[in-house]
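Please work through the following exercises with the coordinates open. Each task is followed by a solution that goes step by step.

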Amino acid sequence: MLCPKCNVEMTIRTALRVTGDTSADEATRVFLVQRFFCRNKACAGYGAEQARVEHEMETGVPEIVPAEEPGA
């Protein structure tokens with residue numbers, strides 16, 4: 001993603017954000033948060049967050065699928 005102020009590719013910092021994990025009445029939701037920062041020292045937005053994207057991740061127990069037998 002490019003900085004909207006100077007058009008230089010930005011750096012990405014990631015973190016997880018979890019909601020609903022303190023109550024049994026509320027579903028737990030997990031988000032991958034990507035924060036984009038300008039890395040151009042000559043830009044007025046250098047070091048400042050220029051954009052943020054959150055992706056909700058699937059939660060729950062993964063389904064285990066048995067491997068197929070060779071030659072089956």
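The exercises below concern a predicted model, and they treat its sheet, its cysteines and two residues of its opening segment.

**Exercise 1. Sheet topology**

Task: Determine the strand order of the open sheet and state which strands lie at its edges.

Solution.
Step 1. Strands S1 and S2 are joined by nine bridges and pair in the antiparallel sense.
Step 2. Strand S2, residues 29-37, is also joined to S3, here by eight bridges, and this pair is again antiparallel.
Step 3. The open sheet of three strands therefore has the order S1-S2-S3, with antiparallel pairing.
Step 4. S1 and strand S3 (49-57) each pair on one side only, and they are the edge strands.
Step 5. With direction ignored, neighbouring strands of this sheet are turned against each other by 20° on average.

**Exercise 2. Register and the surroundings of Gln34**

Task: Identify residues that stand opposite one another in the sheet, and describe what Gln34 touches.

Solution.
Step 1. On one side of S2, Arg35 stands opposite Arg13.
Step 2. On the other side, the bridge partner of Val33 in S3 is Glu54, and Gln34 stands opposite Val53 in S3.
Step 3. Gln34 belongs to strand S2. Beyond four places in sequence, Gln34 touches Ile12, Arg13, Thr14, Ala51, Arg52, Val53 and His55.
Step 4. One of these residues, His55, also makes a polar contact with Gln34, side chain to side chain, at 2.9 Å.

**Exercise 3. Cysteines without disulfides**

Task: Explain why Cys3 and Cys38 are not bonded to their closest cysteine sulfurs.

Solution.
Step 1. A disulfide is a covalent bond between the sulfur atoms of two cysteines. The cut-off applied here is a pair of sulfur atoms within 2.5 Å.
Step 2. For Cys3, the closest cysteine sulfur is that of Cys38, at 3.8 Å, which is too far for a bond.
Step 3. For Cys38, the closest cysteine sulfur is that of Cys43, at 3.7 Å, and this is also too far for a bond.
Step 4. A search of the whole structure agrees, as zero disulfides are found.

**Exercise 4. The nonpolar core**

Task: List the residues of the largest nonpolar core and state whether Cys3 and Cys38 are buried or exposed.

Solution.
Step 1. The largest nonpolar core consists of six residues, namely Cys3, Met10, Phe36, Cys38, Cys43 and Ala51.
Step 2. Cys3 has a relative accessible area of 0%, so Cys3 is buried. Cys38 reaches 2% relative accessibility and therefore counts as buried.
Step 3. Leaving aside neighbours within four places in sequence, Cys38 is in contact with Cys3, Cys6, Met10, Cys43, Gly45, Tyr46, Gly47, Ala48 and Gln50.
Step 4. In soluble globular proteins, nonpolar side chains tend to be buried together.

**Exercise 5. Two residues before the sheet**

Task: Decide whether Pro4 and Asn7 are buried or exposed, and place each along the chain.

Solution.
Step 1. Pro4 is found in the segment before strand S1 (11-19), and Asn7 is found in the segment before S1 as well.
Step 2. Pro4 counts as exposed because its relative accessibility is 61%. Asn7 counts as exposed because its relative accessibility is 57%.
Step 3. Leaving aside neighbours within four places in sequence, Pro4 is in contact with Met10 and Gln50. Pro4 and Ala51 are 47 residues apart in sequence, with a C-alpha to C-alpha separation of 9.1 Å.
Step 4. For Asn7, a residue other than glycine, phi has a positive value near 70°.

How values were computed
Residues are numbered from 1 along each chain as its sequence is written. This is a predicted model: local features need pLDDT of at least 70, side-chain atom pairs count only at pLDDT 80 or more; totals for chains, interfaces and linings use all residues. Side-chain values use heavy atoms; hydrogens and water are left out. A nonpolar core is a set of buried Ala, Val, Leu, Ile, Met, Phe, Trp, Tyr and Cys residues joined through side-chain atoms within 4.5 Å. Buried means under 20% relative accessible area, exposed over 50%, partly exposed in between (1.4 Å probe, protein chains only). Contact means heavy atoms within 4.5 Å. Helices (H or I, at least four residues) and strands (E, at least two) are DSSP runs, numbered from the N terminus. Two strands pair if DSSP finds at least two bridges between them. Axes are lines fitted to C-alpha atoms, for helices over the stretch in contact, and angles run from 0 to 180 degrees between N-to-C directions. A polar contact is a pair of N or O atoms within 3.5 Å; within protein, one must be able to donate a hydrogen and the other to accept it, and residues adjacent in sequence count only if both atoms are side-chain atoms.
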